[in-house]
Every structure is written in structure tokens, then in C-alpha cells.
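Here is a short briefing for a first look at a protein chain. Please scan the sequence and the model before reading on.

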Amino acid sequence: MRYKLTFVVGVAVGYVLGTRAGRERYEQLRRSARQLSANPAVRNAAESAAETGRQVAGRAYHVVSEKVGDRMPETVTERVRSLRGRGQGAEDDWGTTNT
């Protein structure tokens with residue numbers, strides 16, 4: 001109960017402070033976020049983190065599939081295969097390619 005109350009108080013404080021800051025502050029924060037996302041260093045870091053995540057997920061997939069083997073239901077294996085192929089070569093929200 002204590003955590004719910006803390007969450008509700010946090011939302012209320014955020015709402016009050018957000019409404020006081022107004023639209024101008026919102027637009028300023030939005031411009032700053034866009035500039036940050038356009039920064040080449042940030043884009044490279046995001047792309048390398050995504051690549052590392054894909055590599056780790058691929059290794060985990062192989063380890064799990066070796067241990068589970070044929071005991072996995074076919075519907076689950078088909079879903080995993082479809083997810084692995086999704087987004088290959090497409091651009092993400094950062095404008096980088098998922099290679």
C-alpha cells in the first residue's frame with residue numbers, strides 16, 4: 001500500500017509541476033530530446049547496444065534450444081522464428097539500420 005501511495009503522490013506532483021511549466025517548457029524539452037537523438041555519438045551508442053542485444057539474444061536462443069530440444073511446442077518455435085526475422089534491414093526510431 002505504501003508503494004501505491006508513493007506512486008500516486010509522485011504522479012500528482014509531476015502533473016502539478018508539468019502544468020505549471022506549460023507548453024513552452026514541453027517544446028523546449030522536446031527540441032532537446034531531438035537534438036540528443038540526432039547526435040552521432042548517441043546514435044552509434046544506440047546502434048552498438050542494439051547489436052549487442054541481438055548477439056546476446058541469439059546466443060541465448062541457441063543455448064535454450066539445445067537444452068529444450070524438441071520439447072518446445074511448435075507454436076512457440078514458429079513464433080520465435082518469425083520474431084528473429086522481423087526488422088532485418090529496416091530503420092529503427094533512431095534512423096539506424098538493424099543489421
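The notes below cover the fold, a bent helix, the surface and one pocket.

This is a predicted model, where local features need pLDDT of at least 70, side-chain atom pairs count only at pLDDT 80 or more, and totals for chains, interfaces and linings use all residues. Residues are numbered from 1 along each chain as its sequence is written, and side-chain values use heavy atoms, without hydrogens and water.

**Fold**
- The chain has three helices and zero strands.
- Helices are DSSP runs of H or I with at least four residues, and strands are runs of E with at least two, numbered from the N terminus.

**Helix 1**
- Helix 1 spans residues 2-38 and has 37 residues.
- Its end C-alpha atoms are only 40 Å apart, short of the 54 Å of a straight helix at 1.5 Å a residue (1.5 Å times one less than the number of residues).
- Helix 1 bends by about 95 degrees at Gly22 (the angle between axes fitted to the seven residues ending there and the seven starting there).

**Surface**
- Of the 99 residues, 4% count as buried (under 20% relative accessible area, 1.4 Å probe, protein chains only).
- The accessible surface comes to about 8,500 Å² (Shrake-Rupley method, 1.4 Å probe).
- Carbon and sulfur atoms hold 59% of that surface.

**Second largest pocket**
- A pocket is an open set of points on a 1 Å grid over the protein atoms alone, where a 1.4 Å probe fits, with protein on both sides within 12 Å along at least five of seven lines; lining residues have an atom within 4 Å of a point.
- Helix 3 (74-85) gives the most to this lining, with five residues.
- Helix 2 (40-68) also supplies at least two.
- Lining residues include Tyr61, Asp70, Met72 and Arg81.

Notes: Buried < 20%, exposed > 50% of the residue type's maximum accessible area, 1.4 Å probe, protein only.
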